[in-house]
Amino acid sequence: MKARAFLQKDLPNGRRGHEEDNILTNIKSYQIAIKTAVFLQEMGFKAKPIFPNFKYREDVPGWEVNMIPELSLKLIAIRSGTGSLGFSGNVGLKGYGALIILGGVVTSAKLTPTDPIPNEDSFCIECKLCQKVCALRMFGSDEVDSMTIGGYTFNCAKRVNLARCQIVCGGLSGLDKSRKWSTWSPGRYPFPETDKEVMKLLAISINNALKWPETGDEIGVDVTELDDYDSFLNALGDDKEKLVQMIKETKLTCGNCQLICWGDPKETAENYRILTNSGCVLQKENGEIIVLPPEDADKLFSKMPLKHQKLYYKEFGRKSKK
Ligand code: SF4
Ligand code: SF4
């Protein structure tokens, strides 16, 4: 299972194997949407596939942080009963957990609306392990966020600050709050307590990551190599060049809140055990990524040249003012 090799931080292919699998599954889902849209168009209806990522409502102030999609597949899925909303805020299905990829089509065809999945049939058992595998605890509070769509209310854990996910899922930092394990990112910054510290960390870590040595890792997927590249490209519309480039440059280092939740409490607990015992990532000066037990990673990191350490670690907030 590629997700498990990713969680386990297997070298050399644990990260890349899952990344390719994830991107190709997203592409497959979009290709199904393209074919469905063509079918509806042939039936005389208007229809357009929804691209699942990278397209945001740039007319909404703060869209860079909030990343509001043109149309949320997640909200459509929970209201229509395609999946249900888990505590993590991910959509999932009984028996599969959150390990699913969504797709969708907008159409003028008059389809019969369906109701949400009843709470008792949700995949989510509120084990809250997803909360503990988010290195910067993006949904780490016990407060709940509610949203009402078409007369139904849905709940999940409150997003404390989306920038926490941007830092970790963006690959800028990966060391967990416990400092006992990390994501695939070599960033080792202290845990930010306040929103102010989060924004400081975001700025520092973006700047530093630009100076990291090349890993030599293969990343992303080149969609020009797809069999039906032309129909894929046509469906992307005006943004095609930008989107093709973004798919090519995608590098996955987290996704833990989705990846550990398999819809079976024993398997989810095993994923949690695997991840939290998977060690910490370091990047050597030659760019090589290595994984070590936490104490060994601390020791080796502290022996690295200060100039190299400063690319992955900086005190900020109260301590840095001393
Ligand atoms: S890990 Fe899955 S089942 Fe457990 S609380 Fe999170 S979403 Fe729910
Ligand atoms: S993707 Fe990673 S950083 Fe983002 S919320 Fe999930 S666990 Fe946290």
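**Overall fold, ligand shells and local geometry of the predicted model**

The chain has 13 helices and eight strands. Its radius of gyration is 21 Å, which is close to the 20 Å that the globule rule gives for 322 residues, so the chain is as compact as a globular protein of that length. The structure described here is a predicted model, and the values reported below are to be read with that in mind. Taken along the principal axes, the C-alpha atoms of the chain fill a box of roughly 65 × 45 × 40 Å. Of the 322 residues, 44% count as buried. Among the contacts in the chain with a separation of 6 or more, 68% are accounted for by residues that lie 24 or more positions apart.

Two ligands were examined with respect to the residues that surround them. Around ligand 1 stand Phe87 and Ser88, then Phe123, Cys124, Ile125, Glu126, Cys127, Lys128 and Cys130, and finally Cys261. By residue class, the shell around ligand 1 divides into seven nonpolar residues, one polar residue and two charged residues. Ligand 2 is surrounded by Val133, Cys134, Met138, Cys165, Val168, Cys169, Cys254, Gly255 and Cys257. Helix α6, which spans residues 162–169, gives the most to the shell around ligand 2, with three residues. This second shell divides into eight nonpolar residues and one polar residue, with no charged residue. The shell around ligand 1 therefore includes two charged residues by the classification in which Asp, Glu, Lys and Arg count as charged, whereas the shell around ligand 2 has none.

The second largest pocket of the model holds about 610 Å³ of space. The elements that give two or more residues to the lining of this pocket are α2 (14–42), α4 (73–80) and β4 (105–107). Of these, α4 gives the most to the lining, with four residues. The lining comprises 23 residues in total, and those that lie nearest the centre of the pocket are Ile76, Ser80, Thr82, Val105 and Leu111. In terms of residue class, the lining divides into 15 nonpolar and eight polar residues, and no charged residue is found in it.

Helix α2, one of the elements that contribute to the lining of the second largest pocket, also holds Gln41. At 41% relative accessibility, Gln41 counts as partly exposed, because partly exposed residues are those between the limits of 20% and 50%. Gln41 and Pro52 are eleven residues apart in sequence, and their C-alpha atoms are 20 Å apart in space. A second pair with a wider separation in sequence is formed by Gly62 and Leu202, which are 140 residues apart along the chain and 15 Å apart in space, C-alpha to C-alpha. Gly62 is placed in the loop between β1 and α3, where, with a relative accessibility of 35%, it counts as partly exposed.

The loop between β1 (47–49) and α3 (63–66) also contains Phe54, one of the residues with a distinctive backbone geometry. Most residues other than glycine have a negative phi, and most peptide bonds are trans. Phe54, although it is not a glycine, has a positive phi of about 70°. The relative accessible area of Phe54 is 19%, so this residue is buried, the limit being under 20%. Met67, found in the loop between α3 and α4, likewise has a positive phi in a residue other than glycine, with a value near 45°. In contrast to the buried Phe54, Met67 is partly exposed, with a relative accessible area of 38%. A departure of another kind is found in the loop between α1 (2–8) and α2, where Pro12 is located: the peptide bond from Leu11 to Pro12 is cis, with omega near 10°.

A further loop position was examined at Ser141, which lies between α5 (129–132) and β5 (144–149). Ser141 is buried, with a relative accessible area of 19%. Once its neighbours within four places in sequence are left aside, Ser141 is in contact with Gln131, Lys158 and Val160.

Technical notes: Residues are numbered from 1 along each chain as its sequence is written. Chains are lettered from A and ligands numbered from 1 in the order in which they are written. This is a predicted model: local features need pLDDT of at least 70, side-chain atom pairs count only at pLDDT 80 or more; totals for chains, interfaces and linings use all residues. Side-chain values use heavy atoms; hydrogens and water are left out. A residue is near a molecule or strand if one of its heavy atoms lies within 4 Å of it. On a 1 Å grid over the protein atoms alone, a cavity is a set of points where a 1.4 Å probe fits but cannot get out, and a pocket is an open set with protein on both sides within 12 Å along at least five of seven lines; lining residues have an atom within 4 Å of a point. Grid points are joined across faces, edges and corners, and a volume is the space filled by probe spheres set on the points. The radius of gyration is taken over C-alpha atoms; the globule rule is 2.2 Å times the number of residues to the power 0.38. Buried means under 20% relative accessible area, exposed over 50%, partly exposed in between (1.4 Å probe, protein chains only). Contact means heavy atoms within 4.5 Å.
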